[in-house]
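This report describes how the elements of one protein chain are arranged and which residues meet where they pack. It is meant to be read with the sequence and the coordinates at hand.

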Amino acid sequence: LSALRVWNDPVATFRTESFSLHLVTAWNSLALALLQKSGLEWRDLEEDGSPRLMFGVEKARGTADLIVDAFPGVNHQGLRQNIEFWLKLRNRVAHRHLAALDLIVIPHAQASLLNFETQLEAEFGADYQLAGALSVPLQLSGFRDPGVLGSLKKLQRSLPIDVQAFLADVSGQDPGLLADPTFKVNVDP
């Protein structure tokens, strides 16, 4: 809900940057919950098998590893790739203000939110869904607005080279993955 609050706030700055931090944290928490529920290992272990401690508390494994174990199999490939997208993007954009990213990442953001809601319901039941706590945000323009669509490429060109390269790598993914709505929700004009 924090990620959505940041995204939908009309005066928010650092929208994608903040959204990615909250979203990755949410997925990390969900993966931990699923692994604990299933009795699977979630902790970072020492070589002798004992839990590694950080400040006296058992340390969790990294988010990428938790996601692989919590969402295994081919049927979760798009979901895992979507979370990997957010992990990599978060690491590139943290502490940087790149407003041009906001429009570009909408398809990945929407896919991740739908995936999260689907997994919450599947694993914990409808009482845990987030949709009931949300209102429908109002829009002043749509995705199909010619001005919005025309400015997308211009915005993308204004991004730092490392972020442009990352987005180009994502665009070059397998066409099947790019068409998978659990990786990216496509909104055709």
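What follows goes from the overall fold to two helix pairs, and then to single residues.

**Overall arrangement**

The structure is a predicted model, and the protein in it has 9 helices and 2 strands. Read from the N terminus, the elements follow the order α-α-β-β-α-α-α-α-α-α-α. The protein has 189 residues, of which 34% count as buried. Among the contacts between residues at least 6 apart in sequence, 64% join residues at least 24 apart.

**Two helix pairs that involve H4**

Two packed helices are described by the angle between their axes and the distance between the axes. The table gives these values for the pairs H2 with H4 and H4 with H6.

| Helix pair | Angle | Axis distance |
|---|---|---|
| H2 and H4 | about 135° | 9 Å |
| H4 and H6 | about 125° | 10 Å |

Helix H4 covers residues 77-93 and helix H6 covers residues 106-124. An angle of about 125° between them makes H4 oblique to H6, because it falls neither in the range of 65 to 115 degrees for roughly perpendicular axes nor over 145 degrees, where axes count as roughly antiparallel. The crossing of H4 and H6 is left-handed. On the H4 side the contact is made by Leu-79, Asn-82, Phe-85 and Trp-86, while H6 contributes His-108, Ala-109, Ala-111, Ser-112, Asn-115 and Gln-119. Sorted by type, the residues of this contact comprise 5 nonpolar, 5 polar and no charged ones.

H2 and H4 pack at an angle of about 135°, and these two helices are therefore also oblique to each other. Their crossing is left-handed. From H2 the contact takes in Thr-16, Glu-17, Phe-19, Ser-20, Leu-21, Leu-23, Val-24 and Trp-27, and from H4 it takes in Leu-79, Ile-83, Trp-86, Leu-87, Leu-89, Arg-90 and Val-93. The residues of the contact of H2 with H4 divide into 11 nonpolar, 2 polar and 2 charged.

**Buried residues in H6 and H2**

Ser-112 lies in helix H6 and, with a relative accessibility of 0%, counts as buried, since the cut-off for that class is under 20%. Which residue shares a polar contact with the side chain of Ser-112? The partner is the side chain of Asn-82, at 3.0 Å. Leaving out residues up to four places away in sequence, Ser-112 touches Leu-23, Trp-27, Asn-82 and Trp-86. Of these, Leu-23 and Trp-27 are listed on the H2 side of the contact with H4, whereas Asn-82 and Trp-86 are listed on the H4 side of the contact with H6.

Leu-30 belongs to helix H2 and is buried, with a relative accessible area of 3%. Its C-alpha atom is separated by 7.9 Å from that of Leu-120, although the two residues are 90 apart along the chain. Apart from residues up to four places away in sequence, Leu-30 touches Phe-71, Phe-116, Gln-119, Leu-120 and Phe-124. Asn-28 is also found in helix H2, and at 17% relative accessibility Asn-28 counts as buried. Thr-63 and Leu-66 are the residues that Asn-28 touches when those up to four places away in sequence are not counted.

**A partly exposed residue in H8**

Asp-162 is placed in helix H8, which spans residues 161-171, and is partly exposed, with a relative accessible area of 35%. Beyond its neighbours within four places in sequence, Asp-162 is in contact with Arg-92 and Arg-96. The C-alpha atoms of Asp-162 and Arg-92 are separated by 7.9 Å, with these positions 70 residues apart along the chain counted as their separation.

**Two loop residues with positive phi**

Phe-14, in the loop between helix H1 (2-8) and helix H2 (15-38), has a phi near 55°, a positive value in a residue other than glycine. Phe-14 counts as partly exposed, at 35% relative accessibility. Phe-55 sits in the loop between strand E1 (53-54) and strand E2 (57-58), and the phi of Phe-55 is likewise positive, near 55°. With a relative accessible area of 82%, Phe-55 is exposed.

How values were computed: Residues are numbered from 1 along each chain as its sequence is written. This is a predicted model: local features need pLDDT of at least 70, side-chain atom pairs count only at pLDDT 80 or more; totals for chains, interfaces and linings use all residues. Side-chain values use heavy atoms; hydrogens and water are left out. Axes are lines fitted to C-alpha atoms, for helices over the stretch in contact, and angles run from 0 to 180 degrees between N-to-C directions. Helices (H or I, at least four residues) and strands (E, at least two) are DSSP runs, numbered from the N terminus. Angles under 35 degrees count as roughly parallel, over 145 as roughly antiparallel, 65 to 115 as roughly perpendicular and the rest as oblique. A crossing is left-handed if the near helix is turned anticlockwise from the far one by less than a right angle, and right-handed if clockwise. Contact means heavy atoms within 4.5 Å. Ala, Val, Leu, Ile, Met, Phe, Trp, Tyr, Cys and Pro count as nonpolar, Asp, Glu, Lys and Arg as charged, and the others, Gly among them, as polar. Buried means under 20% relative accessible area, exposed over 50%, partly exposed in between (1.4 Å probe, protein chains only). A polar contact is a pair of N or O atoms within 3.5 Å; within protein, one must be able to donate a hydrogen and the other to accept it, and residues adjacent in sequence count only if both atoms are side-chain atoms.
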